[in-house]
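Here are a few exercises to work through with the model open in your viewer. Try each task before you read its solution.

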Amino acid sequence: MPESLVQQLGTAGNFGIWLGTLAIGPAAERWFRCRLKRLLLLLFQAQVVLFAGLTLSLPMFGSPPPLGNASAGWLLFLVGSAAACLGASSPLFIELGAEISYPASEGISAGLVSATINLAGLLLLACLDHVPSDWLSGMVTLVTVLCAAVFAPIREEYLRTDFDEGHARKS
């Protein structure tokens with residue numbers, strides 16, 4: 001893959017994360033109020049589809065030709081869109097964590113979510129040298145499926161919102 005395309009893919013990924021992080025708040029508040037788990041599961045599904053498309057578009061697991069013949073534009077779309085879904089997930093996890101852990105402070109729950117994300121990033125960096133480059137997109141797809149499977153059984157509660165709305169009615 002040409003170095004210029006790799007740089008463009010990195011830029012598309014960074015832009016996607018930025019866009020997803022900024023756009024998710026208003027969208028979640030408007031269409032998914034008190035249904036953040038559903039929105040996160042939809043984002044996981046979109047990520048799996050997009051990462052699987054990327055995996056099939058690149059050489060993988062030692063096979064020289066990719067299964068799909070993707071243009072640079074298609075690869076940029078897949079990376080940018082998957083990154084947008086990934087970027088949108090972080091603030092939602094922090095918000096849902098604050099709701100579930102109430103009455104604990106939002107700072108404590110946000111710190112735990114942030115520490116978990118950072119720990120996963122450090123684990124990825126530690127393993128990155130030992131994973132062949134043609135396995136990375138497949139690995140990201142499988143990790144996304146694993147994360148969705150671990151997240152799915154979590155019970156969604158809005159204790160903080162219920163408390164705030166109960167106090168607002170009494171005032």
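Helices here are DSSP runs of H or I with at least four residues, numbered from the N terminus. Keep in mind that this is a predicted model.

**Exercise 1. Get the overall layout.**
Work out how many helices and strands the protein has, and what box its C-alpha atoms fill.

Solution.
- Step 1: Go through the secondary structure: there are six helices and zero strands. Along the sequence that reads α-α-α-α-α-α.
- Step 2: Take the principal axes, and the C-alpha atoms fill a box of roughly 65 × 30 × 25 Å.
- Step 3: Look at contacts with a separation of 6 or more: 79% of them join residues 24 or more positions apart.
- Step 4: Turn to the surface. Buried residues account for 31% of the 171 residues. The accessible surface is about 10500 Å², and carbon and sulfur atoms own 70% of that.

**Exercise 2. Check the length of a helix and find its sides.**
Compare the expected span of α5 with the distance between its end C-alpha atoms, then find which residues of α5 are buried.

Solution.
- Step 1: Helix α5 runs over residues 136–151, which is 16 residues. The expected span is 1.5 Å times one less than the number of residues, so for α5 you get 22 Å. Its end C-alpha atoms are 22 Å apart, and that agrees.
- Step 2: Pick out the buried residues of α5: Ser137, Gly138, Thr141, Thr144, Ala148 and Phe151. They cover an arc of only 160 degrees around the axis, so they sit on the same side of α5.
- Step 3: Now flip to the face turned away from that buried side. It carries the exposed residues Leu142, Leu146, Ala149 and Val150.
- Step 4: Ask what does the covering. The cover over the buried residues of α5 includes α2 (36–57) and α3 (72–100).
- Step 5: Zoom in on two of the buried positions. Serine 137 has 10% relative accessibility, so it counts as buried, and it touches Phe51, Leu54, Thr55 and Leu58, leaving out residues up to four places away in sequence. Threonine 141 is at 11%, so it is buried as well. With that sequence exclusion, threonine 141 touches Val48, Phe51, Ala52 and Thr55.

**Exercise 3. Hunt for ring pairs.**
Count the aromatic pairs and describe how phenylalanine 15 and tryptophan 18 are arranged.

Solution.
- Step 1: The search gives six aromatic pairs. In the pair of phenylalanine 15 and tryptophan 18, the centres are 5.3 Å apart and the planes make 40 degrees, a tilted arrangement.
- Step 2: Place those two residues: both are in helix α1 (residues 3–31), three residues apart, or about one turn of the helix. An α-helix has 3.6 residues a turn, so residues three or four places apart point the same way.
- Step 3: Check the accessibility. Tryptophan 18 comes out at 48%, so it is partly exposed.
- Step 4: Look for rings that join up: ring pairs link Phe44, Phe93 and Phe151 into a cluster.

**Exercise 4. Settle the disulfide question.**
Find how many disulfides the structure has, and explain why cysteine 147 forms no bond with its closest cysteine sulfur.

Solution.
- Step 1: Searching the whole structure turns up zero disulfides.
- Step 2: Go to cysteine 147. The closest cysteine sulfur is in cysteine 127, 14 Å away, so it is too far for a bond; the cut-off is 2.5 Å. Cysteine 147 is partly exposed, with a relative accessible area of 36%.

**Exercise 5. Inspect the backbone in two loops.**
Which residues does the cis peptide bond join, and what is phi of cysteine 34?

Solution.
- Step 1: The cis bond joins tyrosine 102 and proline 103, with omega about 20 degrees. Proline 103 is in the loop between α3 and α4 (106–128).
- Step 2: Cysteine 34 lies in the loop between α1 and α2. Its phi is near 60 degrees, positive although the residue is not glycine. Its relative accessible area is 34%, so cysteine 34 is partly exposed.

**Exercise 6. Follow one side chain in α2.**
Is leucine 43 buried or exposed, and which residues does it touch?

Solution.
- Step 1: Leucine 43 belongs to helix α2. At 11% relative accessibility it counts as buried.
- Step 2: Skipping residues up to four places away in sequence, leucine 43 touches Ile24, Cys85, Ala88, Ser89 and Leu92.

Terms used:
Residues are numbered from 1 along each chain as its sequence is written. This is a predicted model: local features need pLDDT of at least 70, side-chain atom pairs count only at pLDDT 80 or more; totals for chains, interfaces and linings use all residues. Side-chain values use heavy atoms; hydrogens and water are left out. Buried means under 20% relative accessible area, exposed over 50%, partly exposed in between (1.4 Å probe, protein chains only). The arc is that of the directions from the helix axis to the C-beta atoms. Contact means heavy atoms within 4.5 Å. Rings of Phe, Tyr and Trp (its six-membered ring) pair if their centres lie within 6.5 Å; planes under 30 degrees apart count as stacked, over 60 as edge-to-face and the rest as tilted. Accessible areas come from the Shrake-Rupley method with a 1.4 Å probe; for residues, only the protein chains shown count as cover.
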